[in-house]
Amino acid sequence: MFGRLCLVIFCAVVCFFLPWQKEVLSAEVQTEFKVGVWEGASYFENGSFAYCLVGRLGNNRKYLMMLRAPSVGYALTVYDTSAPFQENATYKTFTRVDNSWTLRAQGIGATNELLRILIPENQVQRALDEIASGGRLRVDVDGIRKLSVSLRGSRKAIDRLEQCYAENVQLAQSGGTTDVKVIASRRVKRLADAVGVPVPAGNLADLRSRAESLDATAVIVLGLALIDLPEHTLYEDEASSLISLAADAGDVRALYVLGRMIQMGLTAEAYDGHAEELIAEAAAGGLSQAI
């Protein structure tokens, strides 16, 4: 776990703690994950999913965190002990990624060490894209530089945050039944867009029914949906088998998706050379996105 971090969000306490800091929390860690230098977790309150969080260390022992919660959407959070914030006080914040994107927004003191910056809904996609492709993020608060952090690995961190959120929302919505509502993560949306198939959506049972016709598009969509499910590792063999079925039939979209699944570690196969061969075959077959 990373950092001496506690964040109060809508009456919930989000905490990260070092071994010497043991605190009684109203929000409990459900699952933890690590993506390079980024670390995160899903949090539950009273047995229900509350939010997913991912973050990393910045300059001078300060932290950047990205949060996604069902009730508030996306937020950036700055952890800084050098100049205490006032709880519930508002601050003018200026967030910049390289020189390509800026966000001027009101920050709210969550605790005396944490400042929360909500990302407006109409700017979320641009913000995530810029953070994912950027080199460095800087945050100024009331004209004073509070944080400077490298964004190396941020694309994978955001993908993992999205996966965390989608898995937990799906699990909550399924209520333990097999009628799971599919909510595609960013990585699956990108794969679907790259090969021109519909983004997986709706109920899993309906997607399975459509795939029974062995229509290549329906089979690819179901395979993509399976790798986004809670406990998705249990479905990776089924997903790769479905995509392989379409690939063996010569579908260039399936060749590309299977290659990318191997590269992302979503199949039992770990040989990148085969992934490159599949993607090259898709390119040779006329799939421009594979070139």
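Author: A polar contact is a pair of N or O atoms within 3.5 Å; within protein, one must be able to donate a hydrogen and the other to accept it, and residues adjacent in sequence count only if both atoms are side-chain atoms. This model is predicted: local features need pLDDT of at least 70, side-chain atom pairs count only at pLDDT 80 or more, and totals for chains, interfaces and linings use all residues. Residues are numbered from 1 along each chain as its sequence is written, and side-chain values use heavy atoms, without hydrogens and water.

Reader: Which backbone nitrogen does a side-chain oxygen of aspartate 215 reach at the start of H5?

Author: Helices are DSSP runs of H or I, at least four residues, and strands are runs of E, at least two; both are numbered from the N terminus. At the start of H5, the aspartate 215 oxygen comes to within 3.2 Å of its partner. That partner is the backbone nitrogen of threonine 217.

Reader: How many residues of H5 are buried?

Author: Buried means under 20% relative accessible area, exposed over 50%, partly exposed in between (1.4 Å probe, protein chains only). Among the buried residues of H5 are Val219, Leu222 and Leu224. H5 is mostly covered, and of its eleven residues the buried ones number nine.

Reader: Which residue in S5 is the bridge partner of glycine 40?

Author: Two strands pair if DSSP finds at least two bridges between them. Strand S4 (residues 38-45) and strand S5 (residues 48-57) pair in the antiparallel sense, over seven bridges. Glycine 40 has its bridge partner in S5: valine 54.
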